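Reader: I would like a close look at one part of this model, the way its sheets are put together and how the two copies meet there. Please spell out each term with its cut-offs as you go.

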2 protein chains.
Amino acid sequence: MRHAEIIAVGSEMLTPFRLDTNSLFLTEELNRLGIALIRKSVIGDDRALLRDAILEALERADLVIATGGLGPTEDDLTREAASDALGRRLVPNDQVLDHIRGRFARMGRVMAPNNERQALVPEGGQVLPNALGTAPGVWIEAGGRALVLLPGPPGELRHIFTEHVLPLLELRAGARRMIHRLLRVAGMPESDLDHRIAVIYKTYADVETTILATPEGIEIHLTLWSEDLAAAARRVDELAGRIAEALGEAVFSINGETLDEVVARELTLAGATIAVAESCTGGLVSERLTNVPGSSIFFRGGVVSYSNEMKTAWAGVPAALIERHGAVSAEVAIAMAEGVRRSTGASVGLSITGIAGPGGGSPEKPVGTVHIALAAGQGTRERLFRFGGERDRVRRLASQSALEMLRRHLVRARQGGS
Amino acid sequence: MRHAEIIAVGSEMLTPFRLDTNSLFLTEELNRLGIALIRKSVIGDDRALLRDAILEALERADLVIATGGLGPTEDDLTREAASDALGRRLVPNDQVLDHIRGRFARMGRVMAPNNERQALVPEGGQVLPNALGTAPGVWIEAGGRALVLLPGPPGELRHIFTEHVLPLLELRAGARRMIHRLLRVAGMPESDLDHRIAVIYKTYADVETTILATPEGIEIHLTLWSEDLAAAARRVDELAGRIAEALGEAVFSINGETLDEVVARELTLAGATIAVAESCTGGLVSERLTNVPGSSIFFRGGVVSYSNEMKTAWAGVPAALIERHGAVSAEVAIAMAEGVRRSTGASVGLSITGIAGPGGGSPEKPVGTVHIALAAGQGTRERLFRFGGERDRVRRLASQSALEMLRRHLVRARQGGS
C-alpha cells in the first residue's frame, strides 16, 4: 500500500465552526508506514454523496479511511454508504451487539433500539473492536484495496487505529518508510531564511524541503521516503545539520521541540530559575513557561502588572521612574526584570512592557511598541521591538520574542559566553 | 447558486503539520448568501489530480472555489489544472503583468521570470485584482457554473473574496439566506443538556439544531435557511429564547460571544475591577481577562504564585496557613483571593490553586483537584473541582470554571442578588 485517502464524514465539518483534525493523526501514522496521503475530503451526512466519494477514492487509492458517521442516529450513514459503494449487504453482528448491550448494562441503562444500527457490518467486513465506545471500526477489502471505517470521536479513533488498524497495515505496507525532521527557526523573515538555505537544500533533490511560516517561528520540514531507513536518516540528518549550521543560533530546535519545551529543558539543565513581570502580554509568558510538565522546578512566579501601581508594588519599579519615562520604556522594562528577579530570588528575571492595541498608541510609541528585558547575574539586557498587526498578534510575537531572548541567554551561558 | 465546493490546493496540507483553514472563512461568507457547502477537499500539487477534482466538483456544485497554488513556482499548478479542466487556453494578461512588475519596482526589485506565470489567465476568465500580492484571483463561468481561483495566503484570499467575489455572488445568489444563532453553555454535561432541550428543539423541525462540545463549553448552533429573512430571524430567536429559558443561567451567551468577551463586558458594565492570583493555571486566567481590548479598564493585575513563598509575598497568604492546610486547599484559595483583592484594591479577587499534573497528585488530592475562590464586597465563595484528563485540559477547564464563577457573580450582582 502506498497511497491513501481520508474521508471525514459529518455535516458539522461543512460549517464555519468545526474542522476535521482526525486526519492529522491519521496522516502522521500513515506516513510513518510509508503510505502517502493523496487527498482528503469532508462530506456531509448524505448517503448518496458519501457512497460516490468512497467509490471515487477507492479508484485512486489503495487505502481509504472514512471517519465519523458511525453513531446510532439516523444522520449516521457511513455504514450504509459503504455497503452501497461495495455492493455488500449490512449484516447484524452478534458480538458487537453483545458489546454494546454490555456497555449500557454497566452504566445501568438499557440499550436504545437506535444503537442496534451500530452492530451492522457490511458482509465480509472485519470488526475492529472499540473498547472505549459503542461503534466498532470495520476493515473491508475489495479488489485488492482496503476501506476502513472508524468512529469520529478522537479518543475512540486513535484507540482503534493503534490497536487494530496498524497491525493490518504493517502486514500490507511496503518496505518504503518516511523519515521526517522538523527544524524550528526564530527571529528571521521567511525570505531571508530561504535565501540563505536554498543553495543547500537544492543540492538534496531527493529530500522534500518545505518551509512554513507560523506564529511560533518558521518551520523547515525535511522529508525523505526510502526503503533504506538508516541511509535515509543519515541523508536527512546531514541536510538538517548543514541547514542548522548555515542559520546558526536562530535555529532553536532540530527535533520538532517547541520553543516552550526548549526553554524548559535549558532552564532545567542549567539549574536556573525564572520569574516574569509582564504587562501587555497579560500572563502569556508565564502561561507558556508553565505549560510544560515539571515547570515548578524552574518557575518561581510571575506578575501581570497591568497598572503602574502594581509595577511598583510587585516588581519594585520606582513610581518616579514610571513618571519620568512612561510605563512603556526601556528604563521601566529593566526595572521590572530586575525587580521581579530580586523579589523572587530567581536567577533570571524577564519583563515585557508594551502597547498591544488597539488603543494606547501615540506617534512616538505606536501600537506594537514592546520593550523586553532580561536580568541575570551577568547584568541586564533590554531590547525594543515594533510588531505589526493586531492585539493578538502583538501579544503572541512579544511572548515569543521574550522566550527567544531567554533561550539565547541560556544557550550562551551554557557555552560559557555571557 | 445554492451549492458550493471548496478545493484547497497544496501538498503541505496533506502532511500532519498543516490544516486548510481558509475554508472556514469562505463557508461563513457563502452561508450568509444562502449557499451551502456540500464538500471540501484538499489536493496536493499534482496537475492531473487537481484537474479531475475540479471537473468532479463542477458536476456536483454550482460554484467551485479553488484556493492556493497560484504562486510563481513550478509547484503552483492551479491555473494549469483549471485550464485543463475547462479546455481553455492560458493567455498572458498584460494588466496583471504590469501590476506584478509595479509591485516589484516599488520594492526596488526586478520581477523574476517565474512571476510571469502569475499573469496567465484561462481564456474567458475575469481577473480579480489582488491589491495585497502578486497573484490575482480568477472568475470563470462554464456551462452555467462558476469556478473561482483564489490565492492561498489568508489576507489576500479574504481581500479578493470580499472586494471582488462577493459582488459577483450577490448578483447570482437566490433570495434564500441563512439565519444562524450560536448559544454557549457552561457547566453542564452534553447529555444532560440534550435531555433538557431535545423536547423543545424537536418541535422546530425547520431549524437545524447542532450541539457541539468544545473546551470552552457547549455550543448550540441554530440554523434556518429561508427566503423570508425577518420571519426566519423571529423563528430562530423564538427557539433560542426557549432554549435559554430552559437552561437558565448556564447559558452565558446567546449571540456567539465568548466567555472572555462576556466577562469583559459584565466587568465594564458593572464598573468592577478584578485581580487574579493563580497557581496551576500559570497565568492563563490573567491572559484570558486581558485578551479583550479595553481590559485595562477593569484588570488591576495578576500574580502567578507558583511557589509557597510567592503566595505569601504577593497574595498575602500566611505561611502558617499553607503549612497547616497545604497549598492546594480551600483555605489557601480563599486567602489568595482575599489577599490579591486587598493588595490591588480591586473590587473582586479571583484565585485558583490546584494540581494540573502529571506529577504532584496524591490519593487525597489527585491530579485534577482545583480550588477556585472569589472574594468580593459581599464575602468570599470557594468551590472544589475535580477535572479529568491531562495537564493542558485541567488548566483550560480550571480557567474556564474561574471565569464562569466570575460571570455568575457579576450577573447576580447586576440582578440585585448576592
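Author: Two strands are said to pair if DSSP finds at least two bridges between them; the strands themselves (E, at least two residues) and the helices (H or I, at least four) are DSSP runs, numbered from the N terminus. The model is predicted, so local features need pLDDT of at least 70 and side-chain atom pairs count only at pLDDT 80 or more, while totals for chains, interfaces and linings use all residues. Residues are numbered from 1 along each chain as its sequence is written, and chains are lettered from A and ligands numbered from 1 in the order in which they are written.

With these terms, the part to look at is an open sheet of 12 strands with mixed pairing, whose order is β6(A)-β7(A)-β8(A)-β3(A)-β1(A)-β2(A)-β2(B)-β1(B)-β3(B)-β8(B)-β7(B)-β6(B). Its edges are formed by β6 (126-128) of chain A and β6 (126-128) of chain B, each of which pairs on one side only. On average, neighbouring strands of this sheet are turned by 15° against each other, direction ignored; here axes are lines fitted to C-alpha atoms, for helices over the stretch in contact, and angles run from 0 to 180 degrees between N-to-C directions.

The step from one chain to the other is made where strand β2 (residues 36-43) of chain A pairs with β2(B) in the antiparallel sense, over 5 bridges. Within this pairing, A:R39 has B:I43 in β2(B) as its bridge partner. Farther along the strand order in chain A, strand β7 (residues 137-142) and strand β8 (residues 145-150) run antiparallel and are joined by 5 bridges, and there A:I140 stands opposite A:L147 in β8(A). In a regular strand the side chains alternate between the two faces of the sheet. On the chain B side, helix α1 (residues 22-32) lies across β1 (3-9), β2 and β3 (63-67) of that chain, running at about 165° to β1(B).

The sheet belongs to a wider contact between the chains, which takes 52 residues from chain B and 51 residues from chain A, where two residues are in contact if their C-beta atoms, placed from the backbone, lie within 7 Å. The largest share of the chain B side, 7 residues, comes from strand β2 (residues 36-43) of chain B. Sorted by class, that side has 21 nonpolar, 21 polar and 10 charged residues; Ala, Val, Leu, Ile, Met, Phe, Trp, Tyr, Cys and Pro count as nonpolar, Asp, Glu, Lys and Arg as charged, and the others, Gly among them, as polar.

As to how the copies are related, a turn of 180° with a shift of 0.0 Å along the axis lays chain B on chain A with an RMSD of 0.1 Å, and the two copies are therefore related as by a two-fold rotation axis. The same surface serves both copies, in that 98% of the contact residues of chain B recur in chain A. The superposition is by least squares on the C-alpha atoms of residues with pLDDT of at least 70 in both.

Chain B also holds an open sheet of 4 strands, with antiparallel pairing in the order β10-β11-β9-β12. Its edge strands are β10 (208-214) and β12 (251-253) of chain B, each pairing on one side only, and its neighbouring strands are turned by 30° against each other on average, direction ignored. In it, β10(B) pairs with strand β11 (residues 217-226) of chain B in the antiparallel sense over 7 bridges, with B:H221 in β11(B) as the bridge partner of B:T210. Helix α7(B) packs on this sheet, touching β9 (177-185), β11 and β12 of chain B, and its direction makes about 15° with that of β9(B).

Helix α7 (residues 229-247) of chain B packs in turn against helix α6 (residues 190-201) of chain B, at an angle of about 145° and with the axes 10 Å apart. Among the residues that meet are B:L193 and B:I197 in α6(B), and B:L239 and B:I243 in α7(B). By class, this helix contact has 8 nonpolar, no polar and 2 charged residues.
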